[in-house]
Each structure stands twice: as C-alpha cells, then as structure tokens.
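Student: I would like to practise reading a sheet and the residues packed around it. Could you take me through an example?

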Amino acid sequence: RKLKLVVTSLTRSQGYLSELRDGNKNASKRSSHLAGCTFDVSKVWARDGEGKKVWMRDEERNIVRDLLIPLEQAGEIQATEEHSQKTFHIMDLKVNE
C-alpha cells in the first residue's frame, strides 16, 4: 500500500512565524524552521467534502513512525510527533555535514 505524504511546512520567516504563533500552540519563537533544517510532514493538506482538514489515520502514522524511528536512532534526524495536528516535525541533524 502506498502512502502519500505532504511536506506542509519547510522554511519559515520570522514574520510568518509570528503570525503562526497567534493560532498554533506548537509554533515556537525559536523554531528550527527558521534555519531551514526542519520540515513538517502529514498525509494530506486538504479538506474533505465538509471542509474539515484531512489528517493521517493511526495506521498511516504507524507506517511513518516505522520509517522515522531507525533514522532517529542512527542520529540522522530528530522527529517529534505533533498529536493535536497529526503531523511529524522532522529536523535534519546532519544538514551541516
């Protein structure tokens, strides 16, 4: 089974981050998105027929976890699962090597 993932956030400017922090409790003043080494991934950045956001189901999040855990254990990335938005916040730890 194929799983289509979407990068929902890559780099952010300080101005955009300030706007985002007004409505997103996960947005940090010192976001690593500002350095360009972090991205967020979710299944779909879309809306269903009723206009609700479509997020990953539990089964799909398990697939992503299975892909990310070995990379994190190898010191390649740092991954944080954002439960309220069902996305993964992924930082490349080797970006400057």
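Student: How many bridges join β2 to β4?

Tutor: Happy to start there, and keep in mind that this is a predicted model. Bridges tell us which strands pair and in what sense. Here, β2 and β4 run antiparallel and are joined by four bridges. One place to look is V41, which stands opposite F88 in β4.

Student: What is the order of the strands in the sheet?

Tutor: To get an order, follow the pairings from strand to strand. In this case the path is β1-β2-β4-β3, an open sheet of four strands with antiparallel pairing. Its edge strands, β1 (6-9) and β3 (77-82), each pair on one side only. Neighbouring strands of the sheet are turned by 35 degrees against each other on average, direction ignored.

Student: Over how many bridges do β1 and β2 pair?

Tutor: Three, in the antiparallel sense. For a residue to locate on screen, take V6: its bridge partner in β2 is S42.

Student: Why is β2 described as largely enclosed by the rest of the structure?

Tutor: For a question like this, go through the strand and ask of each residue whether it is buried, that is, under 20% relative accessible area. Four of the five residues of β2 are buried, so the strand is largely enclosed by the rest of the structure. A good example is T38, found in β2, which spans residues 38-42. T38 counts as buried because its relative accessibility is 1%.

Student: Which residues is T38 in contact with, leaving aside neighbours within four places in sequence?

Tutor: The contacts of T38 are S9, L10, S32, H33, H89, I90 and M91.

Student: And which residues make up the largest nonpolar core?

Tutor: The general idea first: in soluble globular proteins, nonpolar side chains tend to be buried together. In this model the largest nonpolar core has seven residues, namely V41, M56, V64, L68, I77, F88 and I90. The elements giving two or more residues to this core are α2 and β4.

Student: Where does helix α2 lie?

Tutor: When a helix packs on a sheet, look for the strands it crosses and for its direction. Helix α2 (residues 58-73) lies across β3 and β4 (87-92), and runs at about 155 degrees to β3. As for V64, it touches L3, L5, M56 and F88, not counting residues up to four places away in sequence.

Methods
Residues numbered from 1 in each chain as written. Predicted model: local features only at pLDDT ≥ 70, side-chain atom pairs only at ≥ 80, totals over all residues. Heavy atoms only, no water. Buried < 20%, exposed > 50% of the residue type's maximum accessible area, 1.4 Å probe, protein only. Contact = heavy atoms within 4.5 Å. Pairing = 2+ DSSP bridges. Axes fitted to C-alpha atoms, helices over the stretch in contact; angles between N-to-C directions. Core = buried A, V, L, I, M, F, W, Y, C linked by side-chain atoms within 4.5 Å.
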